[in-house]
Amino acid sequence: MHQLDASGVLFLFFKGLEGGAMRMNRRPLIWFAICWVLGSALAAGLNSRGALLAAGAAALLALAAALCRQASWQLAAACALAVGLAAGERLWADARNVTELPALLAAAEAEGPRAAYAAEAVGTIVSAVEVDGDRAVFRVEAHRVRAAGVDAAREVRERVLVHVRLAEQPEQAIAAAWHRGDRVRLAGKLSRPAGASNSGGFDYRRYLSSQRIHWLLSVQGTAAVDPAPGPRWTAAALLGRVDAARAWLGARMDMLYPSSQSGYMKGLVLGIREDLDPEQFQQFSRLGLTHILAISGLHVAVFLYSLGGLLRFARMSREGILLILMLSVPFYVLFSGASPSVIRAGLMSVLGLLAARMGKLKDGLHLLAAAAVLMLLFDPFFIENVSFQLSFIVTVGLIIGVQPVRSAMPQWRRGKPLLDLAAVTVVAQLVSFLVTIYYFNQFHLLSMLANFVLVPFISFIVMPLGAVALLVAIPWEPGGKLLAYASHYANDWTFELVDRLSQADALRTIWASPPIWWVAAWLIMLGAIFQVISVWTGRLAAARAEAAAASEETAPLGAAAACIMVKDRNRKVSISFYSLLFLSLILLCYAYKPDILNTNGTVSFIDVGQGDAIHIRTPSGKHILIDGGGTLSFRKPGEEWKERSDPFEIGRKVLVPLLLKRGVREIDLLVISHLDSDHIRGLKAVLETIPVRSIWWNGTVKESEDAQKLLRQALALKIPMYGVTAGMKRQLDQETEINVLWPAANASSEVVKLEEQNESSVVLAMRLYESTFLFSGDINSETERAIIRNERRHSPLVMNNLSVMKAAHHGSRFSTGREWLDYWSPLGAVASVGAANNYGHPHPDVLSRLAGAGAAVWRTDRNGEVRFTVTDEGLYIYDKH
């Protein structure tokens with residue numbers, strides 16, 4: 001995702017919602033915060049020259065506002081200063097956010113993205129140590145680093161992310177004994193984090209860079225780690241004690257709840273999300289409920305309300321209560337994990353309590369503005385954090401939008417709590433909708449219902465019950481278990497409801513990530529709608545008061561005149577409201593179908609490592625997926641302890657997010673070339689997430705677990721499956737035709753078992769406009785010759801001067817033979833291979849044969865995703881590098 005898009009979201013929301021809601025001179029702190037966020041966002045999304053130009057433009061706008069008397073000279077100067085200071089702070093932070101190992105960096109950039117160097121590092125552990133299966137992960141502030149043959153040992157201050165691969169199960173206990181604040185000496189391989197290899201994919205290098213991490217250190221076994229106790233009173237050591245306390249409380253929670261609930265309750269009460277079941281998290285995510293599992297403003301409010309109630313029960317003075325609440329907030333923030341959302345809520349709470357104690361408490365917007373500036377002053381990289389953006393955007397929306405929306409609802413006394421909750425839910429959904437589709441590309445139509453029912457139930461019943469049970473269990477375990485037992489049924493009911501609602505896939509919508517102009521338009525539209533509703537309800541209330549007064553003075557005639565006056569005053573407001581509503585619907589339609597007028601075809605060879613995944617969009621907007629990649633596993637019996645709670649799975653982590661981001665709402669044709677794991681393992685997540693209309697495969701079965709699971713899953717979903725053979729054709733639209741070249745037709749119509757699948761791969765030739773593509777699975781040269789003989793004998797295709805072919809079997813030495821190349825005469829070839837793979841793909845002989853045939857070569861290990869755009873005028877290539 002482009003960084004301007006990500007970092008500009010927060011500014012645009014502030015700007016869009018605040019634009020018509022206030023006069024500048026009445027809200028100086030808020031305008032100062034808006035300009036600070038603007039300056040920080042500009043510097044994050046542009047280079048230094050662009051940021052300076054933008055800051056200059058902002059200063060001119062402030063000058064214009066002052067000249068037009070929209071703002072005082074003092075405020076205009078403060079706003080211009082805010083933009084300049086925020087941009088300068090971010091640029092200064094970027095300039096300092098570089099590695100202190102320049103020689104190693106130069107060598108790594110020269111050698112390639114997968115370069116790794118034997119290295120030794122000495123430093124301090126500065127994060128909690130996470131042990132999961134056969135891996136331990138933590139961060140080290142290195143004081144000395146030596147890379148063999150590149151950098152001599154030198155004093156540095158380099159933050160490194162350490163991955164320790166555990167060789168034996170007893171090493172889990174050894175790694176669990178390491179703590180934040182310990183000094184360590186490590187020996188391993190130092191490498192750069194991977195960047196985004198697919199267009200719009202997750203950029204791990206940029207993510208770690210925002211946390212000031214530029215290197216990964218891979219360590220084999222605990223024997224390569226030499227820990228020692230560090231100083232007791234450093235910040236890291238003190239935070240290490242917080243980690244130990246959180247772990248101890250987490251263990252108590254494990255004792256209070258069954259395994260199916262303990263991870264959920266630890267996330268809910270303590271902010272510990274490492275033990276949360278991934279499938280359970282996915283269900284909550286589909287309904288837009290993950291904010292419940294993240295400690296945020298609601299949790300802080302419940303904590304303060306409960307503690308305040310206890311202090312009032314103890315008959316403390318108001319000043320004493322406010323002081324204790326202020327002092328307790330930082331401890332709660334630390335014990336709940338100190339995520340950006342809870343830091344924001346904690347800062348707002350402390351500022352609000354301080355202002356209340358001083359008798360200067362204003363509205364929540366001032367507290368929010370102050371919290372935003374303070375957080376960005378502390379760390380300007382916060383603006384790139386999704387949690388930070390979502391927390392502030394939703395909070396701004398609630399502060400500005402709830403009151404007008406609630407005032408437009410019926411003013412029933414009996415149903416007031418439910419109406420208040422409905423107003424909060426509606427506004428929160430409208431505001432968070434943008435972030436939901438921008439980052440997560442899904443929105444469930446039952447999300448509003450789920451939030452309306454479950455948020456208050458979980459926040460005011462389940463979470464307090466869990467927290468009280470945990471506190472009681474510390475001195476009195478049976479009492480804690482008794483309280484926890486009451487919430488077991490509540491959790492079961494919650495999980496059952498979430499499961500049932502999330503299974504309504506027909507109501508789950510998929511959205512492509514919208515462009516930045518759409519983001520701006522949607523936020524401005526929301527702000528304008530809230531403002532119109534506020535004006536409309538205000539005028540209606542005033543007119544009703546006037547009508548009531550007139551009816552008392554002049555009886556029926558006065559009342560009739562007042563009614564006419566009410567209608568006349570609100571006619572213009574109604575026109576504005578419905579106009580804005582209409583424009584909003586147009587925006588929604590565009591966001592849902594952004595490519596409705598796009599008649600280009602695209603063929604994308606997605607980088608899924610050592611595997612295949614090819615996404616095709618036809619000129620009419622149909623979607624084809626050929627294979628889904630897959631990470632191979634070589635686990636042996638007795639190594640179950642190595643299994644991670646949330647293992648990396650190419651379909652769930654790479655392929656599905658990319659397809660969703662591109663707005664693939666359904667796959668018209670899924671082609672399974674053959675049933676080897678490196679082609680199909682990622683398809684499980686695809687079938688779970690995106691509707692598939694039909695499947696082509698080679699008509700065989702295989703005994704492997706992956707193949708059995710995939711075929712059963714497709715049958716359970718009632719997806720039509722067709723075993724294809726040479727000679728079959730399909731016309732998807734006027735400009736797209738697919739021809740099946742292999743496997744050969746089978747005399748029997750029965751599905752046969754076949755363990756060696758490569759030579760039975762589905763081979764397709766596809767025409768898009770006047771360009772042709774060849775997808776050849778994992779066949780070898782012998783099968784290639786058989787296909788040529790078959791084509792020459794039965795149905796010769798006029799496909800010489802092929803546009804692009806997939807190098808068969810990832811560029812294996814025994815595939816893509818000279819006769820194959822002579823027959824097709826490709827202009828280019830793509831090798832879908834994993835970086836530093838153990839098979840030597842693509843083989844030098846294949847590269848030599850392709851060069852001899854005059855074919856351009858693209859490799860996913862070096863070029864990342866390779867995408868071809870096909871139009872009626874020709875073929876265009878895009879690759880990331």
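What follows is a conversation about a predicted model of a protein chain.

Visitor: What makes up the secondary structure of the protein chain, and how much of the chain is buried?

Guide: The secondary structure comes to 28 helices and 26 strands, and buried residues make up 51% of the 881 residues. The chain exposes about 41200 Å², of which carbon and sulfur atoms supply 60%.

Visitor: Why is strand β18 described as largely enclosed by the rest of the structure?

Guide: A residue is called buried when its relative accessible area is under 20%. Seven of the seven residues of β18 meet that description, so the strand is largely enclosed by the rest of the structure. Helix α25, residues 781-793, lies across β18 and β20 and runs at about 115° to β18.

Visitor: How do you know that β17 and β18 pair?

Guide: Two strands pair if at least two bridges are found between them, and four bridges join β17 to β18, residues 736-742, with the two strands running antiparallel. In this pairing K729 stands opposite N739 in β18, while R730 has I738 as its bridge partner. A hairpin of two residues links β17 to β18.

Visitor: And what makes β18 and β20 a pair?

Guide: The cut-off is again at least two bridges, and β18 and β20 are joined over six bridges in the antiparallel sense. N739, the residue opposite K729, also stands opposite A765 in β20.

Visitor: Why are β17 and β24 called edge strands?

Guide: The open sheet has seven strands in the order β17-β18-β20-β21-β22-β23-β24, with mixed pairing. Strands β17 (729-733) and β24 (856-859) each pair on one side only, and that is what makes them the edges. From one strand to the next, the twist averages 20°.

Visitor: How do you know that helix α2 meets helix α15?

Guide: A contact requires heavy atoms within 4.5 Å, and on that basis L29, I30, A33, W36, V37 and S40 in α2 meet L365, H366, A369, V373, L376 and L377 in α15. The residues of this contact divide into 10 nonpolar, two polar and no charged. The axes of α2 (residues 28-45) and α15 (residues 364-378) come within 9 Å and cross at roughly 35°.

Visitor: Is the crossing of α2 and α15 left-handed or right-handed, and what makes it so?

Guide: The crossing is left-handed, a name used when the near helix is turned anticlockwise from the far one by less than a right angle. The angle of roughly 35° between the axes of α2 and α15 fits the part of that rule about a right angle.

Notes:
Residues are numbered from 1 along each chain as its sequence is written. This is a predicted model: local features need pLDDT of at least 70, side-chain atom pairs count only at pLDDT 80 or more; totals for chains, interfaces and linings use all residues. Side-chain values use heavy atoms; hydrogens and water are left out. Buried means under 20% relative accessible area, exposed over 50%, partly exposed in between (1.4 Å probe, protein chains only). Accessible areas come from the Shrake-Rupley method with a 1.4 Å probe; for residues, only the protein chains shown count as cover. Axes are lines fitted to C-alpha atoms, for helices over the stretch in contact, and angles run from 0 to 180 degrees between N-to-C directions. Ala, Val, Leu, Ile, Met, Phe, Trp, Tyr, Cys and Pro count as nonpolar, Asp, Glu, Lys and Arg as charged, and the others, Gly among them, as polar.
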